[in-house]
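Work through the exercises below with the sequence and the coordinates open beside you. Each task is followed by a solution that goes step by step.

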Amino acid sequence: MNELIFSYDTGDEMVLNMGPHHPSTHGVLRFVIRTDGEIMRDATPVVGYLHRAIEKIAEGIPYESLMPYVDRIDYVSAMTADHCWALAVEKLLGHEVPERAEFLRVIAGELNRISSHAICIGVMAMDVGAITPFPYLLRERETINDLLEEICGNRLTYNYLRVGGVSHDLPPGWIERCQRFVDHFDNVLPELDRLITDNEIFIDRTANVCAVTPEEAVAYGLVGPNLRASGVDFDVRRDVAYSIYDQLEFDVAVGTGSMGSLGDCWDRFWLRCEEMKQSNRILKQCLAQLPQGPIYNKPKRIRPTGEAWARVESARGDMFCYVVGNGTPKPERVHFRTGSYNAMQIVKPKSRGVMVADLVALIASLDVIAPEIDR
Amino acid sequence: MNIDKIHERLLDHFGGDVVLSLTAAEEGICDPFITVAGGRIDRVCLFCRVEADLAFDFCQSITGMDTGETLTCVYHLYSYARRQTLVLKCSVPRSSALMPTCTGVWPAADWYEREVYDMFGVVFEGHPDLRRLLLPDDWVGHPMLKDYKEQPVYHATVGPHSNPLELEIPTTRENPMDLLDSEEPGA
């Protein structure tokens, strides 16, 4: 790294630091950019500023105590991150979860996915110069935060899931309130399309920018919305079915390159809008089908041996957890691999030869969250 | 294709270098894995990637594990075309933790291997840019090892400096008016 920062004799090249504290880097994240005027030679991500040693901490505390830390891996979509950890431990224990708890997990997770995508596309629009959509989307997110606060008491890091279920049942009247939001949200998305998705200036700004081909996306391990925007039809919820997703009907949106080339920034933006529609559809089904019954099947003893992996479709894509038990209450090894981690790797090859301002669009469209990279 | 068939396929090509472990899987609580001899992992990975019936095009994760006398690298592979999963494990002695790199097989392995080097000190031969990923460049030791001792001084990016909470703070007088009183009148 040092030779990059201090090599000034690079001819016409200039070496610039973007971040660690920069409004468009979404967390504490740094890029060392070599530019020739406005054109970038490349942008090298420097990560680790938010490294909190969660994997090391996990080795020193009981399985069930890690849940609040997992929240902090992905603080914008903590429900789905929690789901990943709960699923891994349950798989290791061979533990059953009551059906109502599965529904509550999916409801909470899909609400959280909507709020996470709302942040992503709102911030992306803002980063490329459109301020207006952001407060509109923040308004929707606020309603979701209120709903989630009612079920678990927290607005950001929920700590709602437990190994074997969830911590609280729904308060009285919650289903009606959630139904009201879901019905209202159907009208928000067409409004959003008129406001930004189909906006000519926005399309000019994002179409054909930093297109990722399907081959590149797979080779660099892009996951989730970023992968699907490049035309790869894969969704963990459908293809590695977990929880109750096999009982639910939803479509998996795939990028088509309709405004420019396949896998460009606009495709990634549009795909998240489509995913919010599908999440809303899932929510409607879950609210209608929610069964009665227990919400928590507490495991008697969490002292597993062996190893297990779990994958969930987090808001930032396929989140992977690998856990090894050694017969004690504390895990031997825990590893998380997240969507942002892989998305960040593709920034360097994709940044070659593009404008500095387009780097902002690229990072925003990949929906990178710094603590997810550093853990 | 289930794990037995994948193992047969690998066994045909690599012989005794690949060993299937089913001990834990028989109890029904975990995923079976295949153990690969240290120096062959890159070839096994390449084979898994290019063969049409295996087609493991997505490297989900490469991670390390401290297993006492040895360090183990765990490879989780997935195939989008075939919808199948494979777990490979590869152990190297702790004293000479050298592994061939898989960056040529999947570009995604770049950061995975940098993180394993950072946290466990496994050196991936042939890696294009093997630097620390998450920790500062001047960090001492590899903290995910079980015998890692915390350093007395925290190494930030600019070398050692002492804990600000332990600095001696000079005491000041409580009331600034005391200063005025102590001045000699007319001085």
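The radius of gyration used here is taken over C-alpha atoms, and the globule rule sets it at 2.2 Å times the number of residues to the power 0.38. The model is a predicted one.

**Exercise 1.** Decide whether the radius of gyration of chain A agrees or disagrees with that of a compact globule.

*Solution.* Begin with the length: for 375 residues, the rule gives a radius of gyration near 21 Å for a compact globule, and because chain A has 21 Å, the two agree. Next, take the extent along the principal axes, where the C-alpha atoms of chain A fill a box of roughly 65 × 50 × 35 Å. Then turn to burial and contacts: 52% of the 375 residues of chain A count as buried, and of the contacts in chain A with a separation of 6 or more, 72% are between residues 24 or more positions apart.

**Exercise 2.** Describe the side of chain A that touches chain B, by element and by residue class.

*Solution.* First count the partners: 30 residues of chain A are in contact with 28 residues of chain B. Second, list the elements of chain A that give two or more residues to this side, which are helices H2 (54-58), H9 (214-219) and H13 (339-345) together with strands S6 (305-314), S7 (317-326) and S8 (333-337). S6(A) provides the largest share, four residues. Third, sort the residues on this side of chain A by class, which yields 15 nonpolar, eight polar and seven charged.

**Exercise 3.** Find out how the buried residues of helix H3 (residues 41-50) of chain B are arranged around its axis, and what covers them.

*Solution.* Start by naming the buried residues of H3(B), namely B:Ile41, B:Asp42, B:Val44, B:Cys45, B:Cys48 and B:Arg49. Seen down the helix axis, these residues fall within an arc of 165°, and therefore they line one face of H3(B). The elements of chain B that cover them include helix H1 (3-14) and the strands S2 (33-36), S4 (70-79) and S5 (84-93).

**Exercise 4.** Work out which way S5(B) runs relative to S2(B) and to S4(B), parallel or antiparallel.

*Solution.* Take S2(B) first: three bridges join S2(B) to S5(B), and the two run parallel, with B:Val36 opposite B:Cys90 in S5(B). For S4(B), 10 bridges lead to S5(B), and this pair runs antiparallel; B:Val74 has B:Lys89 of S5(B) as its bridge partner. Finally, follow the chain between S4(B) and S5(B), which form a hairpin with four residues between them, where B:Arg83 in the turn has a positive phi of about 55°.

How values were computed:
Residues are numbered from 1 along each chain as its sequence is written. Chains are lettered from A and ligands numbered from 1 in the order in which they are written. This is a predicted model: local features need pLDDT of at least 70, side-chain atom pairs count only at pLDDT 80 or more; totals for chains, interfaces and linings use all residues. A residue is buried if 20 or more other C-beta atoms lie within 10 Å of its own, exposed if 12 or fewer, and partly exposed in between; C-beta atoms are placed from the backbone. Two residues are in contact if their C-beta atoms, placed from the backbone, lie within 7 Å. Ala, Val, Leu, Ile, Met, Phe, Trp, Tyr, Cys and Pro count as nonpolar, Asp, Glu, Lys and Arg as charged, and the others, Gly among them, as polar. The arc is that of the directions from the helix axis to the C-beta atoms. Two strands pair if DSSP finds at least two bridges between them.
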